[in-house]
Amino acid sequence: MQADKTDTLKMILSIVWMMLFWLCPVITYQTPQHGMKDPEIRRDHTDQHYHHDSRSRECRRCCDQEEYASQQHPQYKIVPQINITILKGEKGEVGGRGSYGKPGRTGQMGPPGSSGTKGSKGSMGIPGEPCKSYFAAFSVARKKGLHSDHYYQTLTFDTEIVNLYGHFNMFTGKFYCYVPGIYYFSLNVHTWNQKETYLHVMHNEKEVVVLYAQPSDRSIMQSQSLMLELERGDQVWVRLYKGERENAIFSDEFDTYIIFNGHLIKHKDEL
């Protein structure tokens, strides 16, 4: 029974609230937001009892609701939007090139690239100048023994082993320099028993070195070598010198005992 009474009471209260809401609707006035001015409150000299604070909530009549809503929420105008892309003009001319900027830092070297394809063979170049002769060499021998009959006697040779470009004259027994530079010379002879062996290697008319052996019961091989700096036209040759004793060198038809050699080591232009 108590529950039925409670439900009946709740129903009666709901009907009362609905009737009050229908007969006198309440409009709540909210505080205006930041940046908006408070709407002016309508004041009528005939309605003295409607004087209220603007910031407080007030009760208005239903007939004033539309006027209050128009003041509370102003009307906004619709502004048409213009499509700017339609007003785009024609493309202008290309401008001038600007100045170069500052160079940046040097980067690290990258990895080596792959090898390219082999190119085609080039055309033949212009013929060069004639090759210059930077060589000189000779090697001559004598197969006959020789006794010095005069005070000075030039040693001649009868066997040509090497004579590049013919710079050694077999008739005069002298080497003529056509290529200036540094040369190496060597002289090999065989002494004669009981006879003196006395020879000079000559540079033009000057004795440079001597090859000497005293008389002995035994014959031996003797040698001498040297280097000379020669100019074009210089001569190198060998002569026998006869003193108080008989001067001789030995050789025969079967073996070669007397040999004179010379060759260019370095050309003058390369010094």
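Here are legends for several close-up views of this predicted model.

**Figure 1. How sure the predictor is along the chain.**
Before zooming in, let's check the confidence: pLDDT averages 79 over the chain, and 70% of the residues score at least 70. Strand S6 (residues 174-176) has the highest confidence in the chain, at 97. At the other end of the scale sits helix H2 (residues 65-72), where confidence is lowest, with a mean of 55. Keep an eye on residues 26-56 as well, where pLDDT stays under 50. For that stretch the model has 32 contacts beyond four places in sequence.

**Figure 2. Phe 138 and its ring partners.**
A search of the whole structure turns up 18 aromatic pairs. One of them joins Phe 138 and Phe 168, a stacked pair with 5.0 Å from centre to centre and 25° between the planes. Phe 138 belongs to strand S1 (residues 137-142) and Phe 168 to strand S5 (residues 168-169), so this pair ties together parts that are 30 residues apart in sequence. Are these two rings buried or exposed? Phe 138 is buried, because its relative accessible area is 4%, under the 20% cut-off. Phe 168 is buried too, with 2%. Now look at Phe 138 with Phe 185: the ring centres are 6.1 Å apart and the planes meet at 45°, so this pair is tilted. Here Phe 138 in strand S1 is linked with Phe 185 in strand S7 (residues 181-190), 47 residues apart. Phe 185 is buried, just as Phe 138 is. Step back a little and you'll find one aromatic cluster made up of Phe 138, Phe 157, Phe 168, Phe 175, Tyr 183, Phe 185 and Phe 260.

**Figure 3. Asn 163, at the end of strand S4.**
Asn 163 is part of strand S4 (residues 159-163). With a relative accessibility of 18%, Asn 163 counts as buried. What does its side chain make a polar contact with? The partner is the side chain of Glu 160, at 2.8 Å. Leaving out residues up to four places away in sequence, Asn 163 touches Ala 137, Phe 138 and Phe 168. You've met two of those already: Phe 138 and Phe 168 are the stacked pair of the previous figure.

**Figure 4. Lys 195 and the residues around it.**
Lys 195 has a couple of things going on. Lys 195 lies over the face of Trp 192, at 4.6 Å from the ring centre. The side chain of Lys 195 also meets that of Glu 246 in a salt bridge, at 3.5 Å from N to O. Glu 246 lies in the loop between strand S11 (235-241) and S12, and Lys 195 in the loop between S7 and strand S8 (197-203), so the salt bridge ties together parts that are 51 residues apart in sequence. Glu 246 counts as partly exposed, at 42% relative accessibility, whereas Lys 195 is buried, at 16%. Ala 248 joins in here: among the residues it touches beyond four places in sequence are Trp 192 and Lys 195. Ala 248 lies in strand S12 (residues 248-249) and is buried, at 0% relative accessibility.

**Figure 5. Ser 251, reaching for two backbone oxygens.**
Ser 251 lies in the loop between S12 and strand S13 (258-267). Ser 251 is buried, with a relative accessible area of 8%. Which backbone oxygens does a polar atom of its side chain lie close enough to reach? One belongs to Arg 142, at 3.1 Å, and another to Lys 143, at 3.5 Å. Beyond its neighbours within four places in sequence, Ser 251 is in contact with residues including Lys 144, Gly 145 and Tyr 257.

**Figure 6. Salt bridges of Lys 268 and Lys 266.**
The salt-bridge count comes to four. In one of them, the side chains of Lys 268 and Glu 231 meet at 2.9 Å, N to O. This pair links distant parts of the chain, with Lys 268 in the segment after S13 and Glu 231 in the loop between strand S10 (221-230) and S11, 37 residues apart. Lys 268 is partly exposed, at 38%, and Glu 231 is partly exposed at 33%. Another salt bridge joins Lys 266 and Glu 270, at 3.9 Å. Lys 266 is partly exposed, at 36%, and so is Glu 270, at 47%.

Terms used. Residues numbered from 1 in each chain as written. Predicted model: local features only at pLDDT ≥ 70, side-chain atom pairs only at ≥ 80, totals over all residues. Heavy atoms only, no water. Helix = DSSP H or I, 4+ residues; strand = E, 2+ residues; numbered from the N terminus. Buried < 20%, exposed > 50% of the residue type's maximum accessible area, 1.4 Å probe, protein only. Contact = heavy atoms within 4.5 Å. Phe/Tyr/Trp six-rings, centres within 6.5 Å; stacked < 30°, edge-to-face > 60°. Lys NZ or Arg CZ within 6 Å of the ring centre and 35° of its normal. pLDDT = per-residue confidence, 0-100. Polar contact = N/O pair within 3.5 Å; in protein donor to acceptor, adjacent residues only side chain to side chain.
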